Structures are given as structure tokens and as C-alpha cells.
Amino acid sequence: MNSHPFLSVSDVTKTFQENSGKNKIKAVDGVSFNLDQGETLGIVGETGSGKSTLGRLILNLLEPTSGTVTFNSKNLSSLSTKEMRTSRREMQMIFQDPFSSLDPRMTVGDLIREPLDIHKIKSKQDRHELVQSTAKSVGLPANSLDRYPHEFSGGQRQRIAIARAIITNPKLIVADEPVSALDVSIQSQILNLLLELQRKLELTYIFISHDLSVVQHIADKIMVLYLGKVVEFGTNFEIFNNPHHPYTKALISAVPKINPHDRTDRIVLLGDIPSTTSKPPGCHFNPRCHLAMDMCRVVEPALLAIKSDPGHQVSCHLFVDESFTQ
Amino acid sequence: MKNYVIKRIGHSAIILLGISFITFLLLYILPADPVRQIAGRSATPETIANIRRELGLDQPLLAQYWHYISQLAQGDLGRSYLQKTEVTLLIQSRLTPTLILMISAIFLELLFGLTAGIFASVKRGKNADKSIMIASFIGVSSPQFIVAILVLYIFAVKLHWFPIGGYGTFHNLVLPAMTLGILGSGWYSRVMRSSMLDVLRNDYIRTARAKGASEGRVIFIHAFRNAILPIVAMIGIDIGVFMGGVVVVESVFGWPGIGQLAWQAIQRVDIPIIMGVTLVSAIAIVIGNLIADLITPFVDPRIRIRQ
Amino acid sequence: MSTLKRLIKRKVVIFSVAIIGIIVSSAIFAPLIAPFAPETQFREGLTLEGSPLGPNSKFILGTDLLGRDLLSRLIYGARTSLLIGLLANGVAVLIGTFFGIIAGFLRGRIGSAIMRFTDLMMAFPALLLAITLSAIFSPSLFIVALVIAMVNWVQIARVVYTQTLSISEKEFIEASRSLGATNTRILRCHILPHLAPFILVWSTLGISTTVLLEATLSYLGIGVRPPTPSWGNIIFENQTYFQTAPWLVFLPGLAIVMFALSFNFLGDALRDELDPTQRGREN
């Protein structure tokens, strides 16, 4: 592992206050991970897992309540507003909803050019050329630039969003459910575009999704979140072929498999996802876990690496013997 | 639910306090010197200083405000400069006619407005609908005093059906109430129409029809009950609108309410009376809105449960 | 712009624009169109008893209580009403938009303080507040306009506030922030363009409100003071003759109603076109 990883998230926590202090919601609870340049991290979780909040914390769109995010050896929280704004050129976000993340009153050309205008990149004349070539590289038809977002389909709008994200030549892109709002047939198009761009531009991705099958396609490493905590972390291969945490196993069993021989029984989880304001004590997953032991209801398990693979971490009492502390 | 009620009452109380402060500020910054007005032309500087001290006008702002508030709390709105009577007494004596007019006017507005609105919504797109909407529009765009004068001219002067203003019998009430009623119905008919259209679009109306309910039942029992919700809140606002126009209507028809009182005070620049009427109107508006807000949860179960 | 084309097709819009055109032309070209100066009192403009004349060959619409030509006064009255309407409305829109945007964009304590203040101001009935202010400050054309503006800015502020609030929460604003846009840029390039249609609609509707308010104030004697003609004060002055010479009241009254009506129609049509939630609802 690098001594200076490209992106380092260290014990990041985000607590929201609602009702002027009466309700405290810990959306993200002590998440840590490192990412190397060129890698793709898939963050998987359902509602309330905190994955979207984590995505915004990584880009410093939200300030962490505690913990640090270090990008390119810079601690993001310690930067001044101006420095942060300049750093934004290198870290971009792609949002989930291609319908609401684009200003309907701006033309596609204006939208793609906006990052250049904000950071005053290139002269005004040169910007147009760059906008054109970027639009082309994401697969937008030639005459798109003068048209408005509402004239395009969901998949094309997402391409516009991607063009906006890559035009400043960023190094890191956080994609928050970029294909969830798209029709299934379009999803693979966009995913392939993202992979192609990653190759060409040497991008590092953080890919947030609730859909494991999408993540399987694109991620090198996978992090599974539940109610703000990391329950499992490992390489793509390890997570899908050697899942440990009961929650991970349940998610994987729900992924549709084309080959009938690959199909296993679905693990059905009990109950609903609890609300983030009233998390169960002990391991947050315990009410829904069919393997829960008494200890699980009382003590929160720590995130520990398993002996056979130090890159594979699990937060579950079932595997305490198998693991060693980091 | 209780929280909501307490919050709303608290909010209204703060607004009332704010109103009193603004009213006081306006009085305070008067360029016209009330002291000279009371003292008369040939007063000596001594007399003036005395009066000033008596009225407490030489004290700092906040002390005067405190004095004003405590007087208000006791129901004292000050003295008219010119009539040498207490404003509160003047207003009290004229409150009843204004209230009578207000209640009659709102009743007629609702009667005409809701009927027209329902009718227009049922006959949507047809000529009846279009004419009703245009009529409502004209009603909303016309200044009250012009319509009032017109009504007076046609029905009292030319046709002699009603007396030309005055107070005391039902005949006197008809013209002013009708003027306000027809003008104000414009708002209600438009809101009622669009509210009915919204409601009629809903699936539960389709279900009622599919179950075989008669059209009358569908409209009056199902649609109307739901469409009327925004109207309830409007009544609170309507009290405010009424207070705004009361000066004009009462003066045209010679109706002896607080509006006419204000009109006379305007002619003589008798500031305490004008302020008194303004304050009373503002209080009426706040109370009106409060009542509307408190009634709405009872009428609309969705709001009740959300609280 | 297709919106413009759609607007033009509507009959009410054509009607309104025509009326507004007539009134505006009268106001601008008043010295050229009016047969006489509005403040000249003619001895032959009154009967032997001193009452106003009805329409005749010299004075097309008759005269008023002081023997002045009614038509000329009406034409110049258009000028007064339009001037006050535009001035008062312009100031109201400026102040209202300013506070509305600040409250909606910054939110927090400043936002709620501003909104509480507008709540407070809305508790006062507009006319009575205008009357009070007029009584306190000595009258002049500008004071009247300012008083009306003071009363009207509140509603615009509230509308702008709600709109700014809802726009600020849209995802494309967050997207711009994530790109690194400053607040100034977001206000200028994203929020204002979205507010523009609303401001336009409320400006148009606002002219109608301001004109009505001015007419009412003048009718009560505390708006525009004679001899400067305003439609409202023509009615005010000539009330006593209303039974014998009703046209002195109804002609200016008609002018006021037509003026307010056209701006209301226009504003309503604009609102229908520009507000996407209204689209599809046949009004």
C-alpha cells in the first residue's frame, strides 16, 4: 500500500442535527479507507446507509463532524475557501438524477462550459473548442450544444453531466448512483462510457450504488455500508466470491444471475431498515440478522481484517476469531 | 396538535406586538407637532413645554413606547386631537355597523362566489364558464369606490329602489353589502373553480361515479367538501381585504362604521383616529388569520394528522 | 420565443395590449393630443350657475366643476397614473426582490427575520397603511408613489422568497456548487434567470394594484392633489355633481377599470404561460 495514497478517508463521521438539536442523526459513522490512483471504489448500501452523505463528504460538499479526508496529500477541511474552490477542478461529482442536476434554462453548451467559466480555464474562444471535443468524447451528437436538457433522453443527459465532470481534467470523480435513474438498456451504455473514460483519462472513481450488479461490473474494491458504518470491505473478487457479512451475503443473493446454475436461494432479511434516528444497539444489523447472537445485541463489532486476506475487512462478531486487528 | 395551536397563538401575539410598535413608531415620527395643535396658536413656550410634559412627549423613545403599550393594554387608543374625545370611545361606538357590514359582505361573497365557482367548474370550457371567469376578473380589477358609486347611482339615484346611503334599516344594508359581495365574490369564484377542477380530476371522484352516485351527490358531497378547504383560509385573508376597503365603501354609502370615521379623520388630518382605526383593523386581520389557521386542521384531516 | 407567439394568439392579450397601448400613448403624447391644457379654467366652461357643461362642440367630453376640459384632464391623468404606477411598482419590485432573494438564499436567521417582518407588514390593511403614511408625510407625486411602494413591496418579497427557496434547493444548484461556483455566480447565472419570469408576472400585476391604490388614495383626497389631474382625483373633485353630471365620475372610472383590467389580463396570461404547473390546466 502507498504511504501517501491518492485519497485517504480517515474515521469520518457526520452527524446531522434536526429540530434544533433535538434529533441527532449520525449519517456516517467512523468510515475509513484508502484509494490509489486509477482505482474504482464501489460504495454499496441501501436507504439510510449514508452512502450519498459519504460521497459528499469526500468532495467536501459537506464538512465532516470529525475525521479527515485527505486528497492529493491535502487535508480538505483545512483548506481556505479559495483553495478549496481551486481543488474542485480536480474532484468532480456526477449526480443521480439527470433531470434535476442540470439547469433547465441553460443550453447544453453553456452547461458543459460552466466549469471552464467558473475556473477561468482557457480563453473564451478556446473554451468553445474544448466544449465541443468533450461533448464528442462522451458520445453526444454534434448539434447538441445549442439545445436544452429537456430535449434529451435520460441517458444523454447523464452524458452531459459526465462531460461537465471531465472537462476540467479532474483526477477523482464521485458518481452518486449515476445509472439508477436510467433504463436498464441504457445503464450498460453509460457504464461502458465511464470505463472507457477512466482508461483514457486515468480517472479514479468512487461509484456509489444500491445495485450490486452494477458495482460488480465496474469496481475494483467494494465497500458495503449499513446505517452509516462499514460492514465489509474488500476487492471485487473477494466480496462476490467470498462474502463474509450476512448483510453482504443477502445483497449478493438478491443479484439476478443469468446462468440458472449460478442461482442460489435468496436470503430474505427480516424486517425493515430501521430509521437513522433510532439505530438498534450493538451491531446495527442485529434485528434483521438470522445469525445474530446475544453479543450482537450489545456490543458493536469492530472492522477487522480476516487472516487469509488483510485487504478484506469485516465488521461482524461471527468472524472475530478468524481475524486480526489492523 | 396542541403544539400547533400554541405556536400559532404565540406567533399572532408577536405580530400584535410588532404591529403596536410600528403604529407607535409612525405616531412618533410625525412631523406635525401634536402639541401645537392642542395648544392652539397663541400658546406661550411655557404652556407648550407643559403640555409636552403632560403628554409625556419629552421622554425617551422606549419609555414612550412602554407608556403607549400599557395604555393600549387598557384599551386606551389615545385622544383625538380635534374632537377632544377618546379614540377608543369613538371606535367602539362605530364598531357594530362595521361588523354588520363585514359579516353580510362575506356571506354574500361566499354565496355568489362559491356558487359561481362550482357552476363554472362543472361547465368548464363552455361559454358560461368563460363569462363567469371574465366577470370575476372584472370584479377583481375594479376599484371599490367606482363600483360603489355606480351601484349607488343606478339603484338609488336613478331607480329609487334603495335609499342613498344611511343606516338603520335592512334597506340601507343591501346596497353596500351587495357591492362588496359581488366584488369580493370574484376571488372566491376563481379559487373555488380551480379547486373544484383539481378535485374533480382525482381518482376518488371517478370511483364515486363508477359506484353509481348521482352527479349531484358527486359534486356536492364529494367534490365540494374537499374543494372548500382553501376557501377556509381565504376567509381569514378576506377580513383583511375588507378592512382595507372599509374606508371607501362606508364613506360612499354613508355607513357609520369605523371606515367612515377614518374618512372624516383623513379630511381633518386627525392622526390618532386614523392610527386607531389602522390598529384595530390590523388586530382584526391577525385574529381573522389566526381563526382561519386554527379551523383549517379541523376541516382538513391531512393537516391535522401531519401535526 | 415560442412563449411570445403563444401569448400573442390569445384574444385577451391582444385586447390588453391595445388598451395599454392607447393609455401609454396618451400619456406620452399628452401635450400633442389634448385639446387644451388640463389646468386652464374656462369661463365658458361653466353654466351660468357655475355647474359643469355636458359634452359639446368645444369640450368633447364636457367640463369639470372648475370649467376645465375633461378630455384634456383625462389624457393628462393617464400620464399621472402611469407615472405613479411605474414608479411605485418599480420601487416595490426592486425592494421586494432584493429582500426576497436575500431571505430565500441566505435563509437562517436573516431569512426568518425578513419574513417575520413581512408577516408583520401584511397584517396592516394596505389602504389604511397607505392612508396613514400619506397623512404623515406631506403630499407630492413622489411621496404618493413611495407610499404605494412601501405598501406593495411586501407581497413581491414573499413570492420571490418562496421561489428563491425552492430554486436554491434544486439539485442543479448543488451541482454548480460542486463545480466550485461562488454564491455570486449562482445568484447571477442560476437563480435570477429562474426568478425572471415571476418578477415579470408580478411586475405586470403590480402595476394594476398600484394604479388602483393611487386612484383610491386620490379619491379620498390624499393621493395626487389637484390641480394636477389624476383619474382618482377627478372623481374626488366632481363627486358633488355626480347626480347631474355622472360622466364626470364614470369616464375616469372607466379609464381606471380598463387600465387595471388590461394589466391584470396581461399578467394573468403571462403567469399561465410562464408557470409550468399551470400548463395543461385550461383556464
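In what order do the elements of chain C run from the N terminus on? Select chain C and follow the chain from that end: the order is α-α-α-α-α-α-α-α-α-α-α. The count is 11 helices and 0 strands. Keep in mind throughout that this is a predicted model.

**Chain C as a whole**

Stay on chain C and show its C-alpha atoms. Along the principal axes they fill a box of roughly 80 × 45 × 30 Å. Chain C has 283 residues, and 49% of them count as buried. Now consider contacts in chain C between residues at least 6 apart in sequence: 70% of these join residues at least 24 apart.

**Where chain A touches chain C**

Next, show chain A together with chain C. Here 17 residues of chain A are in contact with 14 residues of chain C. Which element gives the largest share of the chain A side? Select residues 108-119 of chain A: this is helix 3, and 4 residues of the touching side come from this helix. Colour the chain A side by class and the split is 7 nonpolar, 3 polar and 7 charged residues.

**Helix 3 and helix 5 of chain A**

Keep helix 3 of chain A selected and add helix 5 of chain A, residues 154-166. The axes of these two helices come within 7 Å and cross at roughly 30°. Angles under 35 degrees count as roughly parallel, so helix 3 of chain A is roughly parallel to helix 5 of chain A. The crossing is right-handed.

Show the side chains at this contact:

- from helix 3 of chain A, A:Val108, A:Leu111, A:Ile112, A:Glu114 and A:Pro115;
- from helix 5 of chain A, A:Ile160, A:Ala163 and A:Arg164.

By class, the residues of this contact are 6 nonpolar, no polar and 2 charged.

**Strand 10 of chain A and its partners**

Move to residues 229-235 of chain A, which form strand 10. How many of its 7 residues are buried? The number is 6, so strand 10 of chain A is mostly covered.

Add strand 9 of chain A, residues 221-226. Strand 9 and strand 10 of chain A pair in the antiparallel sense over 6 bridges. The hairpin they form has 2 residues between the strands, and in this hairpin A:Leu227 takes a positive phi near 50°.

Finally, add residues 309-314 of chain A, which are strand 12. Strand 12 runs antiparallel to strand 10 of chain A, with 2 bridges between them. Centre the view on A:Phe233 in strand 10 of chain A: A:Met223 stands opposite this residue, and in strand 12 of chain A its bridge partner is A:Gln313.

Technical notes: Residues are numbered from 1 along each chain as its sequence is written. Chains are lettered from A and ligands numbered from 1 in the order in which they are written. Two residues are in contact if their C-beta atoms, placed from the backbone, lie within 7 Å. Ala, Val, Leu, Ile, Met, Phe, Trp, Tyr, Cys and Pro count as nonpolar, Asp, Glu, Lys and Arg as charged, and the others, Gly among them, as polar. A residue is buried if 20 or more other C-beta atoms lie within 10 Å of its own, exposed if 12 or fewer, and partly exposed in between; C-beta atoms are placed from the backbone. Two strands pair if DSSP finds at least two bridges between them. Axes are lines fitted to C-alpha atoms, for helices over the stretch in contact, and angles run from 0 to 180 degrees between N-to-C directions. Angles under 35 degrees count as roughly parallel, over 145 as roughly antiparallel, 65 to 115 as roughly perpendicular and the rest as oblique. A crossing is left-handed if the near helix is turned anticlockwise from the far one by less than a right angle, and right-handed if clockwise.
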